[in-house]
Amino acid sequence: MTFDAVVGQPALTTTLKNAVKSKKLAHAYLFCGPRGVGKTTCARIFAKAINCLNPTAEGEACNECESCKAFNEGRSYNIFELDAASNNKVEDIKALMDQTRIPPQVGKYKVFIIDEVHMLSSQAFNAFLKTLEEPPAHVIFILATTEKNKILPTIISRCQIYDFERMTVPEIINHLKMVAGKEGIQYEEEALNVIAEKADGGMRDALSIFDQAASFSQGNITYEKVLQDLNVLDSENYFRIIDLALQNKVSDIMLLLNGIIGRGFDGGNLINGLASHVRNVLMAKDESTLPLLETSDRQRGRFKEQAKRCPANFLYKALQIMNQCDVNYRQSSNKRLLVELTLIEVAQITQSDGDDKPGAGRRPKRLKILFKNLMASAQAKPVQQVAGLRAQVHQRPQTIATAVNRPAAQLGNPLAALGQGKVMTNFGFTFKSILGGGKQTESNHQQAAQTGEESSFTQEQLNVEWVAMCNEMAQELRGMSARLKNMIPQITNMPVIELAVDNDFLKEEIEKLKPNLSATLRKRLHNSKLQISLRIAAKEEVKVALTGKQLFDKMRKDNASIEHLRTAFNLELS
């Protein structure tokens, strides 16, 4: 009924009251803002105050004169309302414009309130523009819209624009308390907080939800009943997830997630709610940002308590991970798996490992060394076969993959041998040997770092580190990396190593890279005196590199046991 009853728009209502007091009125106003924030309500109050015969000193309508009574009883002929959503044709606007020619019978102005004005057609806008350009002195237009961008600029330029803001959570809670007091409804403040957050800044939505909750709870609005009625996820789940993530309890989080999804909640909404919760915890870490928390005093205290336990770095990374999940959620074909992976990453943030990327979780260094040695050894052995054809005869390495030493006749059925628990010890390598080698290498590296002595290295160690170095070369050196992997250096005079190249052009290219290659090998082999010597390979050393199939055919030809295994297991080279 009055401007003072409008919630959350003090600046706008003060401006409108001052306009009524000073009698300085524009001929057109544009009220824009989100739904349910009081645009149409303010338009009606303003229209009544304009025509009030005895306005108060504060600019409010008196509600006692004939004009105010006529408006309150719905029989005023000076105030017209048009819903442009359903009356958006040019004929509707022309009929309304015809009313502008008739002066008011009681009061000073004829006020036309056009709600949802952005729904008018382009022809209707053009018909309205003519009247708006040259309005009669007794006519005032009040336009209300939720989408100002859809209104013609020529219309906007002729209006005074008032932007309505969303209601804050505390404002909605205070208004609901007032309504509950007048209606005799009991309530819990936490329940009103849930309603205010669900309303998303709209007072009309908040009142509708409040009415629904009051009917469901029969006049006693409790937190549990509101959650049950609105199907809202309890904020206690968010507090528990963060506490479990700080303790790295992934299994407990997965059980909690399963229970939440089992109650019908969407995983995407869970991630969005958890992201909002983490944002609130981050805001609660600093006293200066506490006012940014739109929540009740009790919830604000809980956020402050949890913020003391959460490192800022954890909160930043958690927000990044959940934001990425929100971006990918719609495109994901397995949405639950995406949510589970996101929560696992959040739960692993506090697991520290210097070599890990943020949010990647713990990766045991011992296991990383194991697989690094495994891959390097697997790549070094085929290269040794090629290098043996090029290197000097007295330094030729052993042939790759020496197969079972027993003759084919003694081998019998390989499946039977496996069934008896026998192990082919000469075929490939075992995890045990790699673990042992990894421990020995790590021990040597630590010893060299402690004593400062120059560590010696074997040809096998050189081969492994050479291939690993080539694999880690930059993308633009991919071609050179492939050439270098086919040229295994040989130890000539410790710690000098020699590399035989095919031609002068390749030698010049490698000379440019030699400082970087030397520095890398010195670091990997822990020998600061290591040097690389280049020479042009002799004709008999230059051999064509064999493909995988050619190597396999050669192995079958040299060792009958390999062919016997291939036949027994019906194997094919992929």
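Me: So a pocket is an open set of points on a 1 Å grid over the protein atoms alone, where a 1.4 Å probe fits and protein lies on both sides within 12 Å along at least five of seven lines. How much space is in the second largest one?

Reply: About 1,100 Å³, counted as the space filled by probe spheres set on the points. This is a predicted model, where local features need pLDDT of at least 70, side-chain atom pairs count only at 80 or more, and totals for chains, interfaces and linings use all residues. Residues are numbered from 1 along each chain as its sequence is written, and side-chain values use heavy atoms, without hydrogens or water.

Me: Which residues are closest to its centre?

Reply: Glu-197, Lys-198, Tyr-238, Gly-273 and Ser-276, out of 38 lining residues (an atom within 4 Å of a point). Helix α13 gives the largest share, eight; helices are DSSP runs (H or I, at least four residues).

Me: Different topic. Which residues touch the most others in the largest nonpolar core?

Reply: Phe-31, Ile-142 and Phe-210, in a core of 54. Such a core joins buried Ala, Val, Leu, Ile, Met, Phe, Trp, Tyr and Cys through side-chain atoms within 4.5 Å, buried being under 20% relative accessible area with a 1.4 Å probe, protein chains only.

Me: Where is confidence lowest?

Reply: In helix α19 (residues 414-419), with a mean pLDDT of 39, on the predictor's per-residue scale from 0 to 100. Helix α16 (residues 335-347) is highest, at 90. The chain averages 76. Where pLDDT is low, the predicted coordinates should not be read in detail.

Methods: Buried < 20%, exposed > 50% of the residue type's maximum accessible area, 1.4 Å probe, protein only. Helix = DSSP H or I, 4+ residues; strand = E, 2+ residues; numbered from the N terminus.
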